[in-house]
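Subject: Structure handover

Hello,

Here is the structure I said I would pass on. My notes on it follow below the files.

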Amino acid sequence: MTLTRWMQLLVLLVMLTHCRWAKSVNSDLESLSQELLESARRPEFFRWMKRVRRTIHQNPEVGFEEHETSRLIRSELDLLGIEYVWPVAITGIVASIGSGSKPIFALRADMDALALQEQVEWEFKSKVDGKMHACGHDTHVAMLLGAAKLLSAREHQLKGTVKLVFQPGEEGYAGAYHMLKEGVLDDVDAIISLHVLPTIPTGSIGSQAGPVLAGTGTFTATIKGVGAHGAQPHLSRDPILAASSAILALQQIISRETDPLQAGVVSIGYLKGGQARNVIPESVEFGGTYRSLSPAGLIYLKNRIDEIIKMQAAVHQCKGEVDFMEDTPMPWPVMVNDEALHEHGKQVAEALIGKSKVEVFHLTMGSEDFSFYSQKIPAAIFVLGIKNETLKSDKPLHSPYFFVDEEAFPVGAAFHAAIAISYLEKHGGLVECV
Ligand SMILES: *[C@@H]1O[C@H](CO)[C@@H](O)[C@H](O)[C@H]1NC(C)=O
């Protein structure tokens with residue numbers, strides 16, 4: 001035997017006597033999850049998460065204007081002694097906890113509010129007219145800070161690094177895309193996000209593998225004609241008639257050109273034109289959204305919307321133009337939950353809240369800019385129930401009556417922390433030595 005062979009044998013012998021394979025994730029998952037949940041449920045911990053959330057709720061900021069929200073997050077991270085990179089994409093923050101080395105698992109929360117007037121009368125109602133956290137991003141921030149606290153208390157045990165991603169501009173601004181562009185997530189191995197959902201009971205968690213949310217684009221169409229007195233329509237090139245024809249013709253893309261077994265949506269959300277009852281206006285503007293579950297489907301819808309609007313305008317001797325807002329960027333990709341990550345998250349959810357409270361997150365044609373991450377690395381989005389009829393926290397997302405059952409927060413914080421810790425255990429430090 002050569003010297004190298006002897007050395008190899010020696011190393012093997014030492015490993016056999018002093019090391020053991022790291023315990024399987026599942027054997028520990030339940031106690032880990034329960035411990036984390038217990039910590040997050042401690043009155044002081046829970047009160048702190050609620051306080052953070054309510055402060056953000058009262059001071060909502062829309063996409064890329066989340067300066068105070070970002071400041072509050074940073075001050076909480078400072079108090080916890082957690083390091084972070086800022087600014088990322090104007091107001092975004094990426095904090096890191098753990099060894100600083102691979103594997104790197106990321107948890108993401110969005111921070112922006114909606115341009116919407118809150119209609120719920122309660123102590124912590126939005127103080128800003130016309131702005132409201134009606135999509136629960138305030139709760140996402142509070143729960144991710146909760147996870148930060150849980151993780152930092154166990155920092156020395158982490159078998160890798162957890163990155164906490166506080167992201168701006170989810171509501172139509174593609175904040176996720178801009179975060180990725182800055183490169184701070186280039187070294188991340190996998191990422192998850194947890195979104196509150198008012199259709200499942202408080203504290204339940206939902207998920208599904210594969211496509212869960214649609215790829216989405218939006219557009220604005222302008223049809224220009226020639227205005228005239230309503231009594232002399234022959235002197236006009238009527239853009240109202242052209243827009244009406246175009247909008248009707250757009251309905252046939254789904255009903256006559258799309259395979260009935262393939263999901264697709266074309267919806268017009270607004271139509272603006274004219275001011276007086278007896279004047280044919282010079283131009284009309286309308287806008288809408290198109291959605292599909294496949295990239296090819298998105299391209300098809302976009303091309304046909306463009307063609308139909310321009311041609312229908314031409315039929316009426318008008319000129320049609322369509323802006324697909326591609327600098328935003330548009331469209332957003334389909335959100336596909338990574339199979340293995342979904343399975344991992346489901347196991348964590350079961351260990352945390354029990355099998356009976358784990359739900360299927362049914363595929364919808366809604367959208368999320370989290371899909372930009374899923375195009376780059378394994379990603380999965382999970383939903384957290386906040387529905388309690390007594391509290392009226394069953395109103396839809398984006399409703400001015402949207403209300404949150406805060407009892408879900410400890411579950412959310414613990415889920416984030418448990419999924420991160422167990423992911424690192426599974427993918428890092430296979431062998432433990434004494
Ligand atoms: C709903 O909220 C009320 C009021 O806080 C509480 O008493 C009740 O237990 C909650 N119900 C559930 C199912 O959590």
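I90 sits in the loop that links β2 and β3, and its phi is positive, about 70°, although the residue is not a glycine. Helices here are DSSP runs of H or I with at least four residues, strands are runs of E with at least two, and both are numbered from the N terminus. This is a predicted model, in which local features need pLDDT of at least 70 and side-chain atom pairs count only at pLDDT 80 or more, while totals for chains, interfaces and linings use all residues. Residues are numbered from 1 along each chain as its sequence is written, and side-chain values use heavy atoms, with hydrogens and water left out.

A second positive phi, about 55°, belongs to A174, again not a glycine. A174 is in the loop between β5 (161–167) and α6 (175–181). Its relative accessible area is 0%, so A174 is buried (buried means under 20% relative accessible area, exposed over 50%, partly exposed in between, with a 1.4 Å probe and protein chains only).

There are also cis peptide bonds to check. One runs from K102 to P103, with omega near -5°; P103 is in the loop between β3 and β4. Another joins M330 and P331, with omega about -10°, and P331 belongs to the loop between β14 (319–323) and β15 (335–337). For reference, most residues other than glycine have a negative phi, and most peptide bonds are trans.

Overall numbers for the chain:
- It has 11 helices and 18 strands.
- The C-alpha trace spans about 100 × 60 × 40 Å along its principal axes.
- Of the 434 residues, 51% count as buried.
- Of the contacts with a separation of 6 or more, 81% come from residues 24 or more positions apart (contact means heavy atoms within 4.5 Å).

First sheet. An open sheet is formed by 8 strands in the order β2-β3-β5-β4-β6-β17-β7-β16, with mixed pairing (two strands pair if DSSP finds at least two bridges between them). β2 (83–88) and β16 (358–360) are the edge strands; each has a single partner, so one side of each is left without a neighbour in the sheet. Neighbouring strands are turned by 25° against each other on average, direction ignored (axes are lines fitted to C-alpha atoms, for helices over the stretch in contact, and angles run from 0 to 180 degrees between N-to-C directions). β2 and β3 (92–98) run antiparallel and are joined by 4 bridges, with A95 in β3 as the bridge partner of Y84. Helix α9 (339–353) lies across β4 (104–110), β6 (190–201), β7 (205–207), β16 and β17 (379–387), at about 30° to β17.

Second sheet. Here 4 strands form an open, antiparallel sheet in the order β11-β13-β9-β14. β11 (264–273) and β14 stand at its edges with a single partner strand each, so one side of each has no neighbour in the sheet. The average turn between neighbouring strands is 20°, direction ignored. β11 is joined to β13 (283–292) by 9 bridges, running antiparallel, and G264 stands opposite S292 in β13. Helix α7 packs on this sheet, touching β9, β11 and β13, and its direction makes about 170° with that of β11. Helix α8 (295–315) lies across β9, β11, β13 and β14, at about 160° to β13.

At the other edge, β9 (215–224) and β14 pair in the antiparallel sense over 5 bridges, with I223 opposite G320. The covered face of β14 has G320 and V322, and the uncovered face has K319, E321 and D323. In a regular strand the side chains alternate between the two faces of the sheet.

L250 is in α7 (239–257) and counts as buried, at 0% relative accessibility. Leaving aside neighbours within four places in sequence, L250 is in contact with V266, I268, F286, I305, I308 and I309.

Finally, a helix pair. The axes of α5 (137–152) and α11 (409–427) come within 8 Å and cross at roughly 50°. That makes α5 oblique to α11 (under 35 degrees counts as roughly parallel, over 145 as roughly antiparallel, 65 to 115 as roughly perpendicular and the rest as oblique). Residues meeting there include M143, L144 and L151 in α5 and F409, H416 and I421 in α11.

Regards
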